[in-house]
Amino acid sequence: QVQLVESGGGLVQSGGSLRLSCAASGRTLSIWGTGWFRQAPGKERELVAAITWNGGSTYYADSVKGRFTISRDNAKNTVYLQMNSLKPEDTAIYYCAAAVAGPRLFAREYDYWGQGTQVTVSS
């Protein structure tokens, strides 16, 4: 079993920055990679960024390329999502998810999920 605990969400103005954290515990050696998803009201959950457990490979949605950066601290078993140049359309609940096999680009393919953290970008 893998447990994921998210933190770092909040309210930020347009153009601002925010860093989300996802701390993993349990059988972390079973994780192939971790993804950050977001879901806005009435919309489908979508993958924002993903990284392999060892940080050797990354993926970004076109909408966030150049603005968001996913990274991992191996010593802390924590994955981060640095969000810069935030826009109102980035407003959503952001979820951390872990997959035991990859590549995984869709929410239904992930095995473990955090509780989600709200990110609100004001105009």
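Asparagine 77 counts as partly exposed in this predicted model, because its relative accessibility is 24%, and buried residues are those under 20%. The residue sits in the loop between β7, which spans 68-73, and β8, which spans 78-83. Its backbone is also of interest: although asparagine 77 is not a glycine, its phi is positive, at about 50°.

A second residue with such a backbone angle is found further along the chain. Serine 85, likewise not a glycine, has a positive phi of about 50°. The loop that holds serine 85 runs between β8 and β9. With a relative accessibility of 41%, serine 85 counts as partly exposed, since that class lies between 20% and 50%.

Between these two loops the reader may turn to threonine 78, which belongs to strand β8. Threonine 78 has a relative accessible area of 9% and is therefore buried, the limit for that class being under 20%. Its side chain reaches the backbone oxygen of lysine 76, at 2.9 Å. Beyond its neighbours within four places in sequence, threonine 78 is in contact with Ser21, Cys22 and Ala23, and also with Ser71, Arg72 and Asp73.

One of these contacts, Cys22, leads to the disulfide. The structure holds one such link, formed by cysteine 22 and cysteine 96, whose sulfur atoms are 2.0 Å apart. The pair joins distant parts of the chain: cysteine 22 lies in strand β3 (residues 18-26) and cysteine 96 in strand β9 (residues 92-99), a separation of 74 residues. The angle about the S-S bond is -75°, and the link is left-handed. Both cysteine 22 and cysteine 96 are buried. Threonine 78, itself buried, thus touches one partner of this disulfide, cysteine 22.

The last feature to consider is the largest pocket, with a volume of about 180 Å³. Which residues line the largest pocket? The lining is made up of Phe37, Glu44, Arg45, Glu46, Leu47, Tyr59, Leu105, Phe106, Ala107 and Arg108. By class, six of the lining residues are nonpolar and four are charged, while no polar residue takes part. Among the charged residues of the lining are Glu44 and Arg45, and among the nonpolar ones are Phe37 and Leu47.

How values were computed
Residues numbered from 1 in each chain as written. Predicted model: local features only at pLDDT ≥ 70, side-chain atom pairs only at ≥ 80, totals over all residues. Heavy atoms only, no water. Disulfide = S-S within 2.5 Å. Helix = DSSP H or I, 4+ residues; strand = E, 2+ residues; numbered from the N terminus. Buried < 20%, exposed > 50% of the residue type's maximum accessible area, 1.4 Å probe, protein only. Polar contact = N/O pair within 3.5 Å; in protein donor to acceptor, adjacent residues only side chain to side chain. Contact = heavy atoms within 4.5 Å. 1 Å grid on protein atoms, 1.4 Å probe; cavity = no way out; pocket = protein on both sides within 12 Å on 5 of 7 lines; lining within 4 Å. Points joined across faces, edges and corners; volume = space filled by probe spheres on them.
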